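Me: I am new to this structure and would love a close look at one of its sheets. Could you take me through it slowly, and then show me what lies around it?

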Amino acid sequence: MSERIVVVGFGPVAARLIDELMPAVRSGLAHVTVIGEEADAAYNRVMVADLGVGRTTASALALADAAALIAEGVDVRLGTRVRRVDRARQQVVLTDGTSPGYDRLVFATGSRPVIPNLTGLNPDPAAPVLPEGVTALRDLRDANVLREAVSGGKRVVVLGGGVLGLETALAAAEEGATVTVVHNGPHPLGRNIDRGGGVVLAAGLRTCGVRMAANARSTGVEHNGPNDAFSALLLDDGSAIDGDLLVLSCGVRPRIELAEGCGLSTSTGILVDHKLRAHHERHIFAIGDCAEVRCPDSSCIECRNASGPSGLVGPGWRQAEWLAEYLTLLAEDSAEGILPDGVSADLRDTGSHLLANALPELPAEKPGVVILKARGLNMAVAGDNSAEPWDEEVLTSGAVTGRPRRQIAQWADPEHGRYVKMTTRGGVLEGLVSVGMPRTAAELVQLFERGDELPADRSLLLRLDGPDQLAAAANNDPARTVCRCAGVSGTKIQDAVEHGCSTVAEVSGSTRAGTGCGGCHSDIKEIIEKHFQAAAAA
């Protein structure tokens, strides 16, 4: 009998899970039901802003084909919500009146945008309905709202100085809109970047045509536009920033209400162990933005300082791939008769799944890297970069029992929009900031992710963006990871190109590279162009 797997949510992470489960579906090991609130199948939500400024199409963002999945035997329910989860009966109760049963339930509910509590903007946080002229830029409908504003050269106000808000602002400004970014702090990306990098980044944004309103605390919105649409963002100093469209980019919160409603343990996200199982409930799993990996074992050192969900698509995809393998092994264990007839599901899950239990636990995620994807402005930030070279107390903290102290290497050229900072311990990067130095950033990110030691002469890295063209050695490494979201190397992309892929879309379809944040599209294009230039010269 097929293992019944129900997936709640149909975003990018759920799409990857279903894709990886398809061999089990085709073989009859598993029957998969996926439930999505939106009328559209999974699409790349990270690139909704690019769709809104006309740089891509809805079809290019698609990550799943509902009709094709249905033809393969997947039960796809679009435009449907889960009212509640009945754990006792192992059923999900849907708004369409049906109650599919499950052997394994996977929460892939993702996150929802944070709606600030402002005068004139107080929607239900669980089901926000925003007034006309205000968008959180999360779905395809929001992209249409942004497209109308940008194509009309209107005034766009972006509330929030996070990376997605900055990318939206830069893209909209380049496409002809008048854009102002409003954020509460001395510089954008206040949670990720140090003061020096933040100041240079803000200057770079202004150079790209984005107006910056720093240290600004919003208090309300005015609705004096046509049909009571948004007309101005009000600040606590009594001033107002006029606009035609307000884009809310104030962060996200994991969607955990459904899990809380059925009694699962939650913190910032749904609490799961290293096999992505909900605490004390081995039939239920969570992946992606809604999942918080923090096992119930208080002695687990790895979980002692664990943070909440990363909010990045790459870790979510890796969770989906691991869980698909785990669920397939669970189904194989049952199908091969390893479990005796009549054994209850609770009992067999305590240790009788021999194949599944042999699978190593999900590897811990490395610290994430924040990349700003924009034309004309490059930035990469990772790790702890808050310490300054003269912070002696901070630099010596943790330097005990022979452990080396922190060291800071810092270089700034604000006039030309360049800034680099490297925080190391024993020569290995603990944190980095790079603004306006794309080749240096690429090399530092590779070193950070691999945990490799930096050269003793840090200035060698700065020269990668210099006239001596040392960058060629860094960019020609075929083994380097080009797409961090999907974990695709330059070698794999090159192989795809040699086997006939001639566009970024074709490479993405073959390797999955470029289907995440989109920051690697230019690198993929460069590999394609180099291949065909060499072929033409031969």
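Reply: Happy to. Let us begin with an open sheet of 5 strands, whose order is β8-β15-β9-β10-β11 and whose pairing is parallel. At its edges are β8 (134-135) and β11 (210-213), each pairing on one side only. Please keep in mind throughout that this is a predicted model.

Now step inside the sheet. Strand β9 covers residues 155-159 and strand β10 covers residues 178-182, and 5 bridges join the two in the parallel sense. To find your place in this pair, look for L159, which has V182 of β10 opposite it. A helix also packs on the sheet: α6, made of residues 163-174, touches β9, β10 and β11. The direction of α6 makes about 165 degrees with that of β10.

Another helix to look at is α7, which spans residues 195-207 and includes T207. Is T207 buried or exposed? T207 has a relative accessible area of 70%, so this residue is exposed. Its C-alpha atom is 10 Å from that of L170, although 37 residues separate the two along the chain.

For a second example of pairing, turn to the open sheet of 3 strands ordered β12-β13-β14, where the pairing is antiparallel. Its edge strands are β12 (218-222) and β14 (240-242); each has a single partner strand, so one side of each has no neighbour in the sheet. On average, neighbouring strands here are turned by 20 degrees against each other, with direction ignored. As background, the strands of a sheet pair through backbone hydrogen bonds, and they may do this in a parallel or an antiparallel way.

Within this sheet, β12 and β13 (residues 232-235) run antiparallel and are joined by 4 bridges. One place to look is G220, which stands opposite L234 in β13. The loop between β12 and β13 holds N227. Although N227 is not a glycine, its phi is positive, about 60 degrees. In general, most residues other than glycine have a negative phi. N227 counts as exposed, with 64% relative accessibility.

There is a useful companion to N227 elsewhere in the chain. L276 is not a glycine either, and has a positive phi of about 65 degrees. You will find L276 in the loop between β17 (270-272) and β18 (277-278). Where N227 is exposed at 64% relative accessibility, L276 is buried at 0%.

Next, the interior. The largest nonpolar core contains 78 residues, and F10, F107 and L323 have the most contacts inside it. Helix α10 (residues 313-335) gives this core its largest share, 11 residues. Which residues does F107 touch? Leaving out residues up to four places away in sequence, the list is V8, V85, L258, A259, C262, L264, I270, I284, F285, A286, I287 and C290. A separate core of 40 residues lies apart from the largest one, and V150, L166, L377 and M379 are among its members. If you go back to the first sheet, you can link the two views: L166 belongs to this separate core, and residues 163-174 form the helix α6 that packs on that sheet.

A buried residue need not be one of those nonpolar ones, and R16 lets you see this. R16 is part of helix α1 (residues 12-26), and its relative accessibility of 5% makes it count as buried. Beyond its neighbours within four places in sequence, R16 is in contact with W317, A320, E321, R512 and T515.

Finally, step back to the whole protein, which has 19 helices and 27 strands. Its radius of gyration is 24 Å, close to the 24 Å that the globule rule gives for 538 residues, so the protein is as compact as a globular protein of that length. The C-alpha trace spans about 75 × 60 × 60 Å along its principal axes. Of the 538 residues, 49% count as buried. Among contacts with a separation of 6 or more, 59% are between residues 24 or more positions apart. The accessible surface comes to about 24,700 Å², and carbon and sulfur atoms hold 49% of it.

Key. Residues are numbered from 1 along each chain as its sequence is written. This is a predicted model: local features need pLDDT of at least 70, side-chain atom pairs count only at pLDDT 80 or more; totals for chains, interfaces and linings use all residues. Side-chain values use heavy atoms; hydrogens and water are left out. Two strands pair if DSSP finds at least two bridges between them. Axes are lines fitted to C-alpha atoms, for helices over the stretch in contact, and angles run from 0 to 180 degrees between N-to-C directions. The radius of gyration is taken over C-alpha atoms; the globule rule is 2.2 Å times the number of residues to the power 0.38. Buried means under 20% relative accessible area, exposed over 50%, partly exposed in between (1.4 Å probe, protein chains only). Contact means heavy atoms within 4.5 Å. Accessible areas come from the Shrake-Rupley method with a 1.4 Å probe; for residues, only the protein chains shown count as cover. A nonpolar core is a set of buried Ala, Val, Leu, Ile, Met, Phe, Trp, Tyr and Cys residues joined through side-chain atoms within 4.5 Å.
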